[in-house]
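Student: I should like a close look at a single part of this model. Please take one helix and describe how it is placed against the rest of the chain.

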Amino acid sequence: MHETAVAQNILDTILEQANKVSARPVRAIISCGQFNALNDEVMQFAFEAAAENTPCQGMRLEIKHIPLRAKCRKCKEVFVFDVYSFACPKCKAEESDFEPDAPLLLEEIEFKNGEDS
Ligand SMILES: [Zn+2]
């Protein structure tokens with residue numbers, strides 16, 4: 001499953017960072033695009049399973065979904081693509097090209113500062 005591989009990858013990165021700063025991670029924010037979108041529930045579950053018995057156990061994972069955007073061929077307006085109304089919101093042209101999809105990104109790791117790290 002896609003999420004399992006992603007969870008393992010993210011966990012590895014977080015552990016590496018945690019090691020570097022010698023602190024316990026408490027929260028992480030990841031973002032993903034639409035083509036490789038993650039299922040939140042499956043992802044949470046996969047991450048919890050992967051984090052078991054590591055310093056990441058019990059940390060919170062937040063997933064941000066970045067909408068797909070398109071660029072109008074006529075007026076070059078960039079807008080959030082909606083499959084139900086794909087015309088350009090500015091000039092109403094129905095010809096547009098997709099912008100590159102947002103990559104899967106580990107945006108932020110929050111560490112617990114102080115005492116029992
Ligand atoms: Zn337009």
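Tutor: In this predicted model, helix α1 lies across β1 and β6, and its direction makes an angle of about 40 degrees with β6. The helix comprises residues 2–21, 20 residues in total, and extends 29 Å from its first C-alpha to its last, close to the 28 Å expected at 1.5 Å a residue.

Which residues of α1 are buried? They are V6, A7, I10, L11, I14 and A18. Viewed down the axis of α1, these buried residues fall within an arc of 135 degrees, so they line one face of the helix. The face turned away from that buried side bears the exposed residues A5, E16, N19 and K20. The cover over the buried residues of α1 includes two strands, β1 (24–32) and β6 (105–112), and also helix α2 (40–51). Just after α1 comes S22, with a positive phi near 45 degrees.

The strands beneath this helix call for a description of their own. β1 and β6 belong to an open sheet of three strands, ordered β2-β1-β6, with mixed pairing. At its edges stand β2 (60–65) and β6, each of which pairs on one side only. From one strand to the next, the twist averages 15 degrees. Strands of a sheet pair through backbone hydrogen bonds, in either the parallel or the antiparallel sense. Between β1 and β6 the sense is antiparallel, and the pairing runs over seven bridges. Within the sheet, R27 stands opposite E110 of β6.

It remains to set the helix in the context of the whole chain. The protein chain contains two helices and six strands, which follow one another along the sequence in the pattern α-β-α-β-β-β-β-β. Its radius of gyration is 19 Å, well over the 13 Å that the globule rule gives for 117 residues, so the chain is more spread out than a compact globule. The C-alpha trace spans about 60 × 30 × 15 Å along its principal axes. Of the 117 residues in the chain, 19% are buried, and on α1 the buried residues include I10 and L11. As for contacts with a separation of 6 or more in the protein chain, 69% are between residues 24 or more positions apart. Among the elements discussed here, β6 (105–112) helps to cover the buried residues of α1, the helix that occupies residues 2–21.

Note on methods. Residues are numbered from 1 along each chain as its sequence is written. This is a predicted model: local features need pLDDT of at least 70, side-chain atom pairs count only at pLDDT 80 or more; totals for chains, interfaces and linings use all residues. Helices (H or I, at least four residues) and strands (E, at least two) are DSSP runs, numbered from the N terminus. The expected span of a helix is 1.5 Å times one less than its number of residues. A residue is buried if 20 or more other C-beta atoms lie within 10 Å of its own, exposed if 12 or fewer, and partly exposed in between; C-beta atoms are placed from the backbone. The arc is that of the directions from the helix axis to the C-beta atoms. Two residues are in contact if their C-beta atoms, placed from the backbone, lie within 7 Å. Two strands pair if DSSP finds at least two bridges between them. Axes are lines fitted to C-alpha atoms, for helices over the stretch in contact, and angles run from 0 to 180 degrees between N-to-C directions. The radius of gyration is taken over C-alpha atoms; the globule rule is 2.2 Å times the number of residues to the power 0.38.
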